[in-house]
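Q: Could you take a close look at one part of this model with me? I would like to know how that part is built, what it touches and how its charged side chains pair up.

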Amino acid sequence: TVLELEEVEGLGTFIEIETLAPDDAPDTIAAASARIRNLLRELGVSEDRIEARYFIDLLSSKET
């Protein structure tokens, strides 16, 4: 798992979390997602602050 603090011009500051899963089985993905959400909770990030979209998508939606 990799954590990065990102400052995205025009959007703000984000914690980006990436994790590698051994496969793409639904149970594996669900477990990885739960670990990430638990980590965010430990960092004090509430559920309503979690953004799953890519930065480029956020920037695109902001422009329209």
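A: Let's start with helix 1: at 1.5 Å a residue, its 17 residues should span 24 Å, and its end C-alpha atoms are 24 Å apart, which agrees. The expected span here is 1.5 Å times one less than the number of residues in the helix. Helices (H or I, at least four residues) and strands (E, at least two) are DSSP runs, numbered from the N terminus.

A word on the ground rules. This is a predicted model, in which local features need pLDDT of at least 70 and side-chain atom pairs count only at pLDDT 80 or more, while totals for chains, interfaces and linings use all residues. Residues are numbered from 1 along each chain as its sequence is written, and side-chain values use heavy atoms, with hydrogens and water left out.

Here is the setting of the helix. The protein chain has two helices and two strands, and along the sequence they follow the pattern β-β-α-α. Its C-alpha atoms fill a box of roughly 35 × 25 × 20 Å, taken along the principal axes. Of the 64 residues, 11% count as buried, where buried means under 20% relative accessible area, exposed over 50%, and partly exposed in between (1.4 Å probe, protein chains only).

Now for the two sides of helix 1. Thr-28, Ala-32 and Leu-40 are buried in it. Seen down the helix axis, the buried residues fall within an arc of 110 degrees, so they line one face of helix 1; the arc is that of the directions from the helix axis to the C-beta atoms. The face turned away from this buried side carries the exposed residues Pro-26, Asp-27 and Glu-42.

What does the buried side meet? The buried residues of helix 1 pack against strand 2, residues 12–18. Ile-17, which has its place in strand 2, shows the meeting from the other side. At 16% relative accessibility, Ile-17 counts as buried. Leaving aside neighbours within four places in sequence, Ile-17 is in contact (heavy atoms within 4.5 Å) with Ile-36, Leu-39 and Leu-40, and also with Thr-1, Val-2 and Leu-3. Ile-17 and Glu-4 lie 13 residues apart in sequence and 6.6 Å apart in space, C-alpha to C-alpha.

Next come the charged side chains. In general, side chains of opposite charge can pair when their charged atoms come close. The structure holds three salt bridges, each being a side-chain nitrogen of Lys or Arg within 4 Å of a carboxyl oxygen of Asp or Glu. In one of them, the side chains of Arg-37 and Glu-47 meet at 2.9 Å, N to O. Arg-37 lies in helix 1 (residues 26–42) and Glu-47 in the loop between helix 1 and helix 2 (55–63), so this pair ties together parts that are ten residues apart in sequence. Both partners are partly exposed: Arg-37 has a relative accessible area of 33%, and Glu-47 has 46%. Glu-47 also forms a salt bridge with Arg-41, with the closest N and O atoms 3.9 Å apart. Arg-37, Arg-41 and Glu-47 are thus linked in a network of salt bridges. A further salt bridge joins Arg-53 and Glu-51 at 2.7 Å, N to O; Arg-53 is partly exposed at 44% relative accessibility, as is Glu-51 with 35%.

Finally, look at where the helix ends. Just after helix 1, Gly-44 takes a positive phi of about 90 degrees. Leu-43 belongs to a nonpolar surface patch with Leu-3, Leu-5 and Ile-15, with about 390 Å² of accessible area together. Such patches are made of residues with over 30% relative accessible area and no salt bridge, like charges being joined within 9 Å and nonpolar side chains (Val, Leu, Ile, Met, Phe, Trp, Tyr) within 5 Å. Accessible areas come from the Shrake-Rupley method with a 1.4 Å probe, and for residues only the protein chains shown count as cover. Leu-3, one of the patch members, sits in strand 1, residues 2–8, and is partly exposed at 43% relative accessibility.
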